[in-house]
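Please open the structure in a viewer and keep the selection panel at hand. The tour proceeds from a whole chain to a single residue.

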Amino acid sequence: MAMMTARKRVEGLGSARSGTDHHWKTTISSVALLVIVPMFLFSVAPLLGNPYTDVQAALGRPFPALSTALMLIVGFYHFRLGIQMVIEDYVQGTARKVSIVVMACISYGLMALGLISLAQIAL
Amino acid sequence: MADVNRGDRPLSPHLRVYRAEINMVTSILTRITGVALLGGAVLFVWWLMAAAVSEEYFATVDWLLTSILGDIVMTLSVWALWYHALAGIRHLVWDMGYGFDPDTSDKSAWGAVIGSVALTFLTIITIWGT
């Protein structure tokens, strides 16, 4: 053991490889969201409570439609990564695996539902 | 192997043995806001879906989201978005190796708390103005 380098002891154990990948993907999407969230809050959020025809017209314009699409794609992707980290902290065994799969389905399902709705309105 | 001393053994430190500190509160809030934003996201997707389905369905969902309860949930969601974003900026800075000393991290913690409330007011005022 004393002759082993620190690297040799941890090599191939896994977490350092997929772990950094997960963190890096979270980091990249978080930087993107720093731009997307203000776009969304100031172009799409004000549409809540507006008449039906106004909402249809607004979501048909490029910028609100783009903001909505990006918010749905990057937002739910970031959520799916983050919630996995939370689950891994508090849930063990089979329940952990099931929770991660269920939350991934919910995240991507909502993303798809939102994008299809947007497409129907905007196109 | 009988455990004669079961109730009197040292415990590993957990949340309740620490005095609440700003950096501890901001860390917990980051996670809570991140998870809770699913609620606001579900409501938004529901609203978007309703706008794609029909005018009547949209009217129902839109009424719900702009009712008193809806306004409270949406305002909290806006705050959660801003808070999580500012807390995320702190993490990005930490990841580059800056801002770890207690004084700086205390200041940035308060910055995230106060900043998120300020940005929430700014957003609400802007939305009301349009």
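The stops below concern chain B and then a residue of chain A in this predicted model.

**Chain B as a whole**

Select chain B and colour by secondary structure. Four helices and zero strands make up its secondary structure, and from the N terminus on the elements follow the order α-α-α-α.

Next, orient chain B along its principal axes. The C-alpha trace spans about 70 × 45 × 25 Å in that frame. The radius of gyration of chain B is 21 Å, whereas a compact globule of 130 residues would have one near 14 Å.

With chain B still selected, turn to burial and contacts. Of its 130 residues, 26% count as buried. Among the contacts in chain B between residues at least 6 apart in sequence, 71% join residues at least 24 apart.

**Ile100(A)**

Now select residues 93-122 of chain A, which form helix α5, and within that helix pick out Ile100(A).

Is Ile100(A) buried, exposed or partly exposed? Ile100(A) is partly exposed, because 17 other C-beta atoms lie within 10 Å, and a residue needs 20 or more to be buried, or 12 or fewer to be exposed.

Which residues should be displayed beside Ile100(A), leaving aside its neighbours within four places in sequence? Show Gln84(A) and Ile87(A), with which Ile100(A) is in contact.

For the last stop, add Ala57(A) and draw a C-alpha to C-alpha distance from Ile100(A). The two residues are 43 residues apart in sequence and 38 Å apart in space.

Terms used: Residues are numbered from 1 along each chain as its sequence is written. Chains are lettered from A and ligands numbered from 1 in the order in which they are written. This is a predicted model: local features need pLDDT of at least 70, side-chain atom pairs count only at pLDDT 80 or more; totals for chains, interfaces and linings use all residues. Helices (H or I, at least four residues) and strands (E, at least two) are DSSP runs, numbered from the N terminus. Two residues are in contact if their C-beta atoms, placed from the backbone, lie within 7 Å. The radius of gyration is taken over C-alpha atoms; the globule rule is 2.2 Å times the number of residues to the power 0.38.
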